[in-house]
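Trainee: Could you take me through one part of this model closely? I would like to look at the place where two chains meet.

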Amino acid sequence: MTAEEMKADGAPLEGVDITPKRDEGVLKVIKREGSRTESPMIGDKVTVHYTGWLLDGTKFDSSLDRRDKFSFDLGKEWPNQNCFENFLNWKKYIHNHFMRFVKNSEDFRQMTPREANSPSWEFTLKCEVIKAWDIAVATMKAGEICRITCKPEYAYGSAGSPPKIPPNATLIFEIELFEFKGEDLTDDEDGGIIRRIRKKGEGYSKPNEGALVEIQFEGRYGDRMFDRRELQFEIGEGDNYDLPHGLEKAIQKMEKLEESVFYLKPNYGFGSAGKEKFHIPPDAELQYEVKLKSFEKAKESWEMNTEEKLEQSCIVKERGTQYFKEGKYKQATLQYKKIVSWLEHESGLSDEDDTKAKSLRLAAHLNLAMCHLKLKEYSQALENCNKALELDSSNEKGLFRRGEAHLAVNDFELARNDFQKVIQFYPSNKAAKVQLVTCQQKIREQHEKEKKMYANMFQRLADKDFKSADTLQTSHPEDAEMKNEQNGVEDKLEVDTET
Amino acid sequence: MPEEQSQTIMAVDELQAIIQRCQILKEADFRGEDFNLFQVAGQKCLEDGYAAQLLEVVQNEKNKVIIKNMGWNLICPLVRCILVYKQEDDKREHCLKILDQLVQLCNAKELFLGLLEQIEQTSGEQVCQTVMLLLQPLQTVLFKLQNKKAYSVGLSLAMIMNQLTPLPVPYTKQQIQEDKLGLCQCCNAVVDFAKPFVNEVVKNMEKSSECNDMELKEELLKFCVKSLKYPLLTAQLEQLESIEEHPFRRFATEIIDILWDMRELIPLVFLHHKGRSPSWENEEFVDIEQKNSADSLACLSYLMFVQYFGIDCFPMVFSPSYLLQCNMTHIEVLLKRTEESVLSKGLDLFESSLLRMEDNSLLHQYLEFSDFITVPQNLVKVMTLCPIEHLRKKSLNILQLFIDKFDAEGKYTLFRCLLKTSNHAGVEGYIVQNIKDQIHLSLTKVCDNSWFTGHHLISLLDLVLLLPEGAETDLLQNSDRIMASLNLLRYLIIKDNEYNNQTGVWTMLAKIEQNFLKPLHVGLNMSKAHYEAEIKNKKENRREAHNSNTVCSVTVSGEKMPAMTTEMQLQVLRSALFTFDLIESVLARVEELIEVKIKAVT
């Protein structure tokens with residue numbers, strides 16, 4: 001179509017208002033009915049040919065001239081859930097009324113927005129293409145050709161898009177929709193994981209490797225549902241939960257509260273091995289319907305407000321404890337460290353929050369101390385005990401664990417002091433009493449050993465003139481003895497675990 | 001003299017001798033020894049200035065077979081001679097003719113290697129000259145090659161680009177006009193060299209949809225990607241007055257045209273963002289190139305969106321926020337560099353991407369993309385650390401532009417982030433000023449104001465209305481921030497009354513006193529006392545050591561600054577005191593206002 005033809009068609013500003021706001025920002029005229037009844041869904045990859053003109057008839061762009069169809073992902077970015085539901089209602093509404101419009105356009109134009117029962121449309125659409133396109137293409141059917149007239153607010157606005165689109169330009173497009181298909185999530189775009197979004201999620205963040213996700217899902221093979229669960233797991237550990245790796249990959253592309261259907265090719269599903277447990281034969285194509293209920297990704301400290309920090313701290317504390325119980329001390333420390341990093345320098349809290357933050361920090365340091373003891377990282381254990389005792393100088397666990405840390409590095413006197421303090425504040429603490437006895441015993445042993453050593457030393461000094469080489473040898477057995485003692489302490493610690 | 005003459009005649013004779021012997025031999029009977037003798041004799045002829053005689057030999061129909069087999073040996077001395085002779089020298093003309101003849105006659109494979117070897121061996125000032133001399137022969141030979149043509153084209157282009165890359169790119173107008181090393185001219189000659197191969201690819205693409213020429217296309221694409229990085233990334237690409245045809249703009253246009261003709265322009269623009277790489281045969285290539293191509297792709301975006309090269313081919317339906325999002329990756333790459341040419345490209349690209357957007361239209365969710373956080377941080381680095389003044393100024397303007405584009409929550413989050421990460425009192429002061437402007441808008445307009453009033457605001461003010469290190473804070477270093485904070489507080493107290501308390505400032509007054517005003521008082525007293533004492537000291541010293549040259553030295557990034565005299569030092573100290581007085585007066589005013597307002601209520 002040439003610009004002349006377009007003008008000859010009559011005033012270009014004709015058409016049906018298809019904007020959710022009903023502000024006549026996008027007017028649509030169907031030039032050729034589509035062949036199918038389905039319209040593309042959000043996130044679908046849509047393929048079109050198009051030509052665009054300015055109001056004065058200047059053609060500014062055409063995919064036909066480029067001899068290349070144009071593809072893009074249909075309106076992905078919705079500010080919030082309500083908007084999405086509104087959008088669905090609105091699509092239904094447009095669908096219903098377009099049918100009528102085709103028969104009798106007058107009817108439609110006389111309808112007021114109120115009659116159309118449109119919800120409130122206070123949102124902005126953000127996506128790959130200008131707003132007008134997202135709105136218009138979502139109403140099209142495969143094979144359809146339409147012409148849309150777009151007000152600047154739905155196109156390039158007051159800024160324009162130099163060098164071709166001047167400020168405040170109304171644009172006219174003729175669009176032909178060829179096909180649309182679910183979004184391909186694989187890296188090589190081999191069609192191995194196809195997504196169709198049922199319900200748009202919130203925000204832009206997605207779970208990354210290692211993120212803890214909570215999902216609800218159904219897996220189907222043909223018509224048979226073979227798996228249906230609610231599950232919480234860490235991305236990367238899906239194998240332990242009988243999830244195909246393609247599904248894990250897919251989950252990493254989901255937004256919070258998104259609901260999607262994924263079509264997995266065999267190599268992204270259970271592959272040539274199949275899955276005995278679910279009676280899945282080799283090389284089966286699978287279909288999963290997933291809702292991402294929540295997930296947790298590490299946020300930068302500055303990104304969080306106090307409330308979030310406190311809330312997240314509680315969550316990671318729980319998780320840390322879980323890891324601890326499973327004997328995953330290293331992972332547990334990572335969790336507890338998060339709490340410290342979030343809350344350590346948080347200032348200006350209300351009294352209530354301050355109390356909460358303090359108790360969380362205290363717990364974090366105490367648990368960190370325990371983990372480090374388990375990992376035999378005694379200096380870090382000590383450091384955390386000290387931090388905990390800064391917050392609460394007579395804390396039972398803090399003192400006890402510091403005692404253990406001291407004991408582990410053979411600082412018997414320091415250890416004794418700590419255990420004594422524990423007993424002084426908490427006379428019923430039996431473990432401390434046992435440790436205190438151990439300490440005293442060790443101290444005695446040490447004394448004796450020292451005595452021997454000094455005695456030896458004098459002996460050696462006396463012998464020095466004869467054989468200096470002998471002295472070196474005598475010190476070795478003692479070293480070995482010390483190491484054994486350390487191991488002995490370790491064994492006792494295992495018994496005393498508590499969090 | 002006669003001795004010398006006899007020598008040169010000997011050289012020609014020797015050549016004749018070997019030629020005559022070989023004339024009667026069959027091709028297959030040439031021995032290694034013959035090759036050597038031919039080379040030595042030919043080289044000698046050239047060195048002694050007997051190019052005309054050599055030309056005769058080469059042109060002789062009878063010697064065709066010999067030249068075909070042995071001629072490539074002469075390339076090396078030939079090139080050396082051509083570069084030595086002056087433009088108008090007859091001998092140079094003879095040499096060029098010999099070269100022509102060799103290109104016509106010699107075995108393509110050997111000649112190709114011979115030419116490439118020459119390009120590989122050249123260096124320094126001779127690079128461009130040599131390359132320009134050999135491009136034409138190289139092109140002819142490449143078309144003659146029977147197999148491995150794509151590979152050979154790629155090898156030639158890679159070799160040429162590798163040799164050019166160490167050369168400095170002319171940047172100022174004068175440097176470009178002068179083109180001392182011939183780089184500008186040479187680059188455009190290389191594009192012309194590549195063009196016939198591009199045409200071949202394009203023709204094949206039209207013929208069939210099957211990509212039988214994928215390999216050649218890949219090689220040419222590699223060349224384009226490489227060219228974007230060098231010389232284009234560091235070249236001056238703004239239009240220059242009084243230069244009719246800007247050599248690098250021409251070069252850029254040609255490169256973009258090649259990409260477009262091969263239908264790789266648009267995929268390349270979105271390469272990073274969508275991973276929509278075309279289906280390459282060579283997997284390895286994709287991996288390597290994607291990693292190394294960040295600079296090139298950034299330059300491509302700059303060419304498109306700032307200089308509008310190839311913008312006609314770019315679909316005009318993308319939303320401005322999406323374009324910004326795509327360009328963020330490139331902007332980040334560019335802003336991490338320190339060269340003026342690259343930094344200014346990054347700033348230009350950022351600016352033009354932002355100018356396409358309307359104010360307040362960027363959703364805060366965009367901050368969830370990591371580069372929307374790292375880019376402003378890089379921008380702050382340019383603003384505070386870059387030694388080039390106009391870039392510092394520009395980056396500050398762009399930061400403001402970036403802030404303006406976000407919605408209220410986005411601005412809020414951005415302020416928080418910048419306050420916590422900038423580590424620069426000037427920047428912090430600037431952000432505080434911005435916060436004040438936003439509060440003002442919230443209080444005076446009926447727009448979404450929840451982010452700059454009430455509890456959200458309080459949490460933000462917690463970051464502002466305090467001294468980072470209490471009373472020990474270096475007040476002079478932090479004066480920008482402190483003044484801005486005091487101004488903000490003054491504004492809040494005047495604008496918002498205790499009865500309305502829209503901003504929440506009245507509820508947090510006690511905390512402000514504790515964290516900000518009190519330590520500020522203490523700090524001011526300490527600092528003033530310290531500086532006054534220092535001044536007194538200096539004055540006494542001056543009297544004591546009237547003639548001795550007690551000067552203090554200052555070094556800035558390793559460079560010694562001119563020595564400071566006592567008088568200058570005193571001046572600095574006094575201006576510090578002046579700053580403290582200024583802070584003190586505003587502080588007094590704020591406290592006075594608080595008191596008046598509180599009294600009015602009670």
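Mentor: Happy to; here is a walk along the interface of chain B and chain A. This is a predicted model, in which local features need pLDDT of at least 70 and side-chain atom pairs count only at pLDDT 80 or more, while totals for chains, interfaces and linings use all residues. Residues are numbered from 1 along each chain as its sequence is written, chains are lettered from A and ligands numbered from 1 in the order in which they are written, and side-chain values use heavy atoms, with hydrogens and water left out.

Let's begin with the extent of the interface. On the chain B side, 37 residues are in contact with 41 residues of chain A (contact means heavy atoms within 4.5 Å). Together the two chains bury about 3,400 Å², and carbon and sulfur atoms give 53% of that (buried area is the accessible area, with a 1.4 Å probe, that two parts lose on being put together, summed over both).

Now to the elements that chain B brings. Helix 18 (320-335) and helix 22 (408-421) of chain B each supply at least two residues to the side that touches chain A (helices here are DSSP runs of H or I with at least four residues, numbered from the N terminus). Helix 22 of chain B gives the most, with five residues. By type, the chain B residues on that side comprise 18 nonpolar, seven polar and 12 charged (Ala, Val, Leu, Ile, Met, Phe, Trp, Tyr, Cys and Pro count as nonpolar, Asp, Glu, Lys and Arg as charged, and the others, Gly among them, as polar).
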